Amino acid sequence: MIVDLPSTTTARIAKKLIDMRDSGGAVALGRVLTLVVTTDDARAETAIADANGASREHPCRIIVLASGERRGTSRLDGQIRVGGDAGASEVVVLRTYGPLSDHGASIVLPLLLPDAPVVAWWAGLAPHHAGKDPVGRLAQRRITDSAADEDPLAVLANLGRTHTPGDTDFAWSRLTQWRGLLATALDTDPSGEITGARVTGAVDSPSSALMAAWLEWALGVPVERTGTGAGEGITEVVLERTTGDIALSRPTGSVATLRQPGQPVRRMSLPRRSTQECLTEELRRLDPDDVYGDVITAGVPRFEHGGQV
């Protein structure tokens, strides 16, 4: 069910939510958090679809701040979605116009679930300082996506300089399976000293930069980063060892190849992760990701202008 509330106020939206709860049941029952999504009109429906998908594992109230035309008079158009139109959540869409678009935190505040954690997600361009952003200050966790910017490596470097515990970025979420497979490969064959590593990926890939920084941070060895065509993501990671290299490759498609000394070549599923999958993963934890914090802050100088690790 979708209820439109044009030219409204947050007080009217909150009252309508209560009325819908009284007439149709406890729509907020079991909601474990509030997810605040900051976006614009062009990206709003895609962001809502991704948030709805993630809500099937993490029931929540989704509040979407979609900024429209900033010229003209201030106006707030509200929309409430429940039932089949809201996944396992209830969705409140707030479309702001004029100077009102600069006051998102004040608009969101009355609609937050009481006594529940708040997660902020910028579905589009990241703020300059997520931890000091007005919406970011409301949240325990703050999610950005550096790959959404025209210069993702510069954004990643800025995320390192301005990092606040609780921040994370989808560039890191996209590495989860890569990191897991490499760690498993080392666990199954721990022989030999690791002397270095190589990461091959797109020149504009923030995940490639983070992978290189993570390997240097975790292994304490020099890491070489080689750039390929833009938009390709990571294509290969090689761990150089005295007993033979370990190579995990995914040049195209969703199937990766793992090569280890003395073992048969293995092929395994390693598809590119969707935004919904990344968001679902990040909503599983509400405490700061300390490993990400260490990697993003320690590797900042290397992210600038696609620098080598």
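In this predicted model, E282 counts as buried, since its relative accessibility is 4%, and the residue lies in helix α8, which spans residues 275-282. The side chain of E282 is joined to that of S173 by a polar contact of 2.5 Å. Leaving out residues up to four places away in sequence, E282 touches R141, I143, T168, F170 and S173, so S173 appears both in this list of contacts and as the partner in the polar contact, where the cut-off is 3.5 Å between N or O atoms.

Helix α8 also packs against another helix. Two packed helices are described by the angle between their axes and the distance between the axes. For α2, made of residues 41-55, and α8, the axes come within 9 Å and cross at roughly 50°, and the two helices are therefore oblique to each other. On the side of α2 the contact is made by A49, D50, A51, G53 and A54, while α8 contributes T275, Q276, L279 and T280. The crossing in which α2 passes α8 is right-handed.

Another helix, α9, covers residues 290-298, and within it Y292, G293, V295 and I296 are buried. The N-terminal end of α9 is capped by D289, which places a side-chain oxygen 3.3 Å from the backbone nitrogen of V291.

Turning to the nonpolar interior, the largest core has 32 residues, and those with the most contacts inside it are L210, M211, L215 and V237. Helix α7, residues 206-219, supplies seven residues, which is the largest share of this core. Another core, lying apart from that one, has 24 residues, including L17, M20, A130 and V135. For V237, one of the residues with the most contacts inside the largest core, the contacts beyond its neighbours within four places in sequence are W178, L182, R198, V199, M211, L215, I246, A247 and L248.

Some loop residues have an unusual backbone setting to report. S7, in the loop between β1 (2-5) and α1 (10-24), has a positive phi of about 45° although it is not a glycine. D115, in the loop between α3 (104-108) and β6 (118-122), likewise has a positive phi, near 55°, and is a residue other than glycine. S7 is partly exposed, with a relative accessible area of 46%, whereas D115 is exposed at 88%.

Two further residues can be described by what lies across the sequence from them. E150 is found in the loop between β7 (141-144) and α4 (152-161), and with a relative accessibility of 84% it counts as exposed. K16 lies in helix α1 and is partly exposed, with a relative accessible area of 30%. Not counting residues up to four places away in sequence, K16 touches V3, L5 and I80. The table gives the spacing of one pair for each of these residues.

| Pair | Separation in sequence | C-alpha to C-alpha distance |
|---|---|---|
| E150 and L125 | 25 residues | 9.3 Å |
| K16 and I80 | 64 residues | 8.6 Å |

I80 is thus named both as a residue that K16 touches and as its partner in the table, at 8.6 Å from C-alpha to C-alpha.

Notes: Residues are numbered from 1 along each chain as its sequence is written. This is a predicted model: local features need pLDDT of at least 70, side-chain atom pairs count only at pLDDT 80 or more; totals for chains, interfaces and linings use all residues. Side-chain values use heavy atoms; hydrogens and water are left out. A nonpolar core is a set of buried Ala, Val, Leu, Ile, Met, Phe, Trp, Tyr and Cys residues joined through side-chain atoms within 4.5 Å. Buried means under 20% relative accessible area, exposed over 50%, partly exposed in between (1.4 Å probe, protein chains only). Helices (H or I, at least four residues) and strands (E, at least two) are DSSP runs, numbered from the N terminus. Contact means heavy atoms within 4.5 Å. A polar contact is a pair of N or O atoms within 3.5 Å; within protein, one must be able to donate a hydrogen and the other to accept it, and residues adjacent in sequence count only if both atoms are side-chain atoms. Axes are lines fitted to C-alpha atoms, for helices over the stretch in contact, and angles run from 0 to 180 degrees between N-to-C directions. Angles under 35 degrees count as roughly parallel, over 145 as roughly antiparallel, 65 to 115 as roughly perpendicular and the rest as oblique. A crossing is left-handed if the near helix is turned anticlockwise from the far one by less than a right angle, and right-handed if clockwise.
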